[in-house]
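Visitor: I've got a model up on the screen and I'd like to walk through it with you. Can we take it one question at a time?

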Amino acid sequence: MEKERLWSRDFLMISFSHFFIFMTFYILAVTLPQFVLDELRGSEQGIGLVITVFVITAVISRPLTGKWLEEINRRKLLNIALIISTICSLSYLWIDNYSVLLVLRFIHGFAFGIVTTSTSAIALDIIPEHRKGEGVGYFSLFMSLAMVIGPFVGLWITTHISYVAMFVMVAVFSLLSLLCGMLTRFTKQVNRPSSEVVIKGVRRYIEVSAIPISIAGFVLAYSYGALSTFISVYAKTLGLERIASYFFIILALMILLTRPFTGRLFDRKGEHVLAYPGIILFIIGMIWLSQAYTAPVFLITAGIIGIGYGAIFPSFMTIAVKASPGHRRGVAISTFLVFFDSGYGVGSYLLGVIAAKTNYHTMFLIGGCIMILTLVIYYLFHHRRQTVGTVTGTQNR
């Protein structure tokens with residue numbers, strides 16, 4: 001029975017480690033753009049580059065981490081990366097130059113990629129097999145909570161206290177992530193079947209079966225990058241800077257309210273019942289946000305986007321895992337996150353360029369329209385392929 005429990009001590013510890021490391025990411029994601037403008041006298045395009053450099057190095061580290069998770073001690077890998085991440089988090093306190101900030105973001109991004117890929121793979125080993133959809137849903141909830149609590153904390157501290165206090169908080173959260181990671185008891189990882197051919201070349205780092213849904217994840221992240229990077233600046237242009245942090249609180253509440261149902265729906269009814277409504281709600285929320293001029297509309301769109309994102313992200317991640325062999329879960333999750341982070345980084349930069357050349361209303365409108373591609377990609381690369389595979393298997397029988 002112990003093996004069938006979802007809410008075990010180790011699941012909680014690795015989930016909290018995941019939560020705290022994402023707290024550092026999302027606090028910095030929404031506060032560094034304003035820090036660059038206010039303190040370092042950077043440009044609007046420089047805002048996107050601060051995020052993009054971080055994400056690029058995270059992307060580079062993820063395939064390597066997927067391979068390392070199969071080959072070396074997971075505890076050592078996670079703890080070393082967490083220590084580096086904590087040192088980087090402390091270093092923000094002494095940044096007074098844009099170029100030095102980019103170097104720090106490069107190093108921090110690499111450590112972040114290792115940590116988040118490792119915690120995801122370890123959590124997947126801990127979650128009982130028949131509760132994967134529910135387990136991944138709750139695990140990703142910790143990241144989703146960080147996604148909304150982090151920006152609220154970051155914006156509140158920078159608005160009411162100072163950037164120094166914000167950087168201290170980032171260091172504290174990074175240290176808490178390290179402590180939770182060290183307290184996690186690691187389960188024995190899934191062994192490679194004896195008959196399995198040793199994979200060589202690029203496929204050692206990328207799980208091919210996870211690529212179709214990962215492409216959909218890329219487009220989702222591309223659009224979402226506009227939210228976490230530019231929502232505070234957008235709110236300021238609307239004269240709504242005092243309620244910007246509440247955007248993320250409402251986002252979190254919607255994810256919290258729907259999450260107990262979404263994971264179970266996935267396990268019982270399949271992914272399509274969540275994916276399609278989630279994508280459509282996300283599109284509606286983004287397009288409506290682009291037309292926001294008042295506080296009520298601004299906050300209502302947060303709820304719509306929160307429901308949509310809360311259904312899409314864990315579903316996509318679980319699909320990537322379930323499509324892959326058990327011993328390749330670490331590589332599968334790294335593959336999905338490589339595409340997701342790439343979309344986030346590219347979207348943060350290119351949508352920032354669009355905002356600089358037009359305005360933030362246009363940027364969010366384009367971000368919402370781009371999400372329509374996710375519907376097409378999901379149907380063609382996953383739903384349709386799945387249907388064809390089922391029909392072919394039935395005919396063969």
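Visitor: Let's start with helix α1. How far apart are its end C-alpha atoms, and what span should its 30 residues give?
Guide: Keep in mind that this is a predicted model. At 1.5 Å a residue, the 30 residues of α1 should span 44 Å. The end C-alpha atoms agree with that, because they are 43 Å apart.

Visitor: Where in α1 does a kink lie?
Guide: Look for the proline Pro-33 in α1. Shortly before that proline there is a kink of about 40 degrees. The residue at the kink is Thr-31.

Visitor: How many residues of α1 are buried?
Guide: Take Ser-15, which sits in α1. Ser-15 counts as buried because its relative accessibility is 0%, and the cut-off is under 20%. The helix as a whole is mostly covered, and the count of buried residues is 25 of 30.

Visitor: What is the C-alpha separation of Ser-15 and Phe-142?
Guide: Along the chain, Ser-15 and Phe-142 are 127 residues apart. In space, their C-alpha atoms are separated by 6.4 Å.

Visitor: On to the rings. Which class of aromatic pair do Phe-22 and Tyr-26 form?
Guide: The structure holds 29 aromatic pairs. For Phe-22 and Tyr-26, the ring centres are 6.0 Å apart and the planes are at 25 degrees. Planes under 30 degrees apart count as stacked, so this pair is stacked.

Visitor: Why are Phe-22 and Tyr-26 separated by about one helical turn?
Guide: Both belong to helix α1, residues 9-38. They are separated by about one helical turn because they are 4 residues apart in that helix.

Visitor: Are Phe-22 and Tyr-26 buried or exposed?
Guide: Phe-22 has a relative accessibility of 6%. Tyr-26 has a relative accessible area of 2%. Buried means under 20%, so Phe-22 and Tyr-26 are each buried.

Visitor: What about Tyr-234 and Phe-364: which class is that pair?
Guide: The ring centres of Tyr-234 and Phe-364 are 4.7 Å apart, with planes at 45 degrees. That angle is neither under 30 nor over 60 degrees, so the pair is tilted.

Visitor: Which helices hold Tyr-234 and Phe-364?
Guide: Tyr-234 and Phe-364 are both buried. They are 130 residues apart, and their pair links distant parts of the chain. Tyr-234 is in α7 (residues 211-237), and Phe-364 is in α12 (residues 360-370).

Visitor: Now the cavities. How much space lies in the largest cavity?
Guide: There are 3 cavities of 30 Å³ or more in the structure. The largest cavity holds about 110 Å³.

Visitor: Which element gives the largest share of the lining of that largest cavity?
Guide: Three elements give two or more residues to the lining: α1, α2 (44-71) and α11 (329-357). The largest share is 4 residues, and it comes from α11.

Visitor: How many nonpolar, polar and charged residues are in the lining of the largest cavity?
Guide: Residues that line the largest cavity include Phe-22, Tyr-26, Met-143 and Leu-337, along with Arg-62 and Asp-341. Arg and Asp count as charged, so Arg-62 and Asp-341 fall in that class. By class, the lining has 10 nonpolar, no polar and 2 charged residues.

Visitor: Phe-112 is in that lining too. Which helix holds Phe-112?
Guide: Phe-112 belongs to an aromatic cluster, with Phe-22, Tyr-26 and Phe-54 among the members. Phe-112 is buried, with a relative accessible area of 3%. Its C-alpha lies 8.7 Å from that of Thr-57, which is 55 residues apart from Phe-112 in sequence. The helix that holds Phe-112 is α4, residues 98-126.

Visitor: What separates the C-alpha atoms of Val-321 and Val-136?
Guide: Val-321 sits in α10, residues 295-322. Val-321 is buried, with a relative accessible area of 4%. Val-321 and Val-136 are 185 residues apart along the chain, and their C-alpha atoms are separated by 9.6 Å.

Visitor: Last one: how many helices and strands are in the protein?
Guide: Of the 397 residues in the protein, 58% are buried. From the N terminus on, every element in the run is an α. The count is 13 helices and 0 strands.

Technical notes:
Residues numbered from 1 in each chain as written. Predicted model: local features only at pLDDT ≥ 70, side-chain atom pairs only at ≥ 80, totals over all residues. Heavy atoms only, no water. Phe/Tyr/Trp six-rings, centres within 6.5 Å; stacked < 30°, edge-to-face > 60°. Buried < 20%, exposed > 50% of the residue type's maximum accessible area, 1.4 Å probe, protein only. 1 Å grid on protein atoms, 1.4 Å probe; cavity = no way out; pocket = protein on both sides within 12 Å on 5 of 7 lines; lining within 4 Å. Points joined across faces, edges and corners; volume = space filled by probe spheres on them. Expected span 1.5 Å × (residues − 1). Bend = angle between axes of the 7 residues up to and from the residue.
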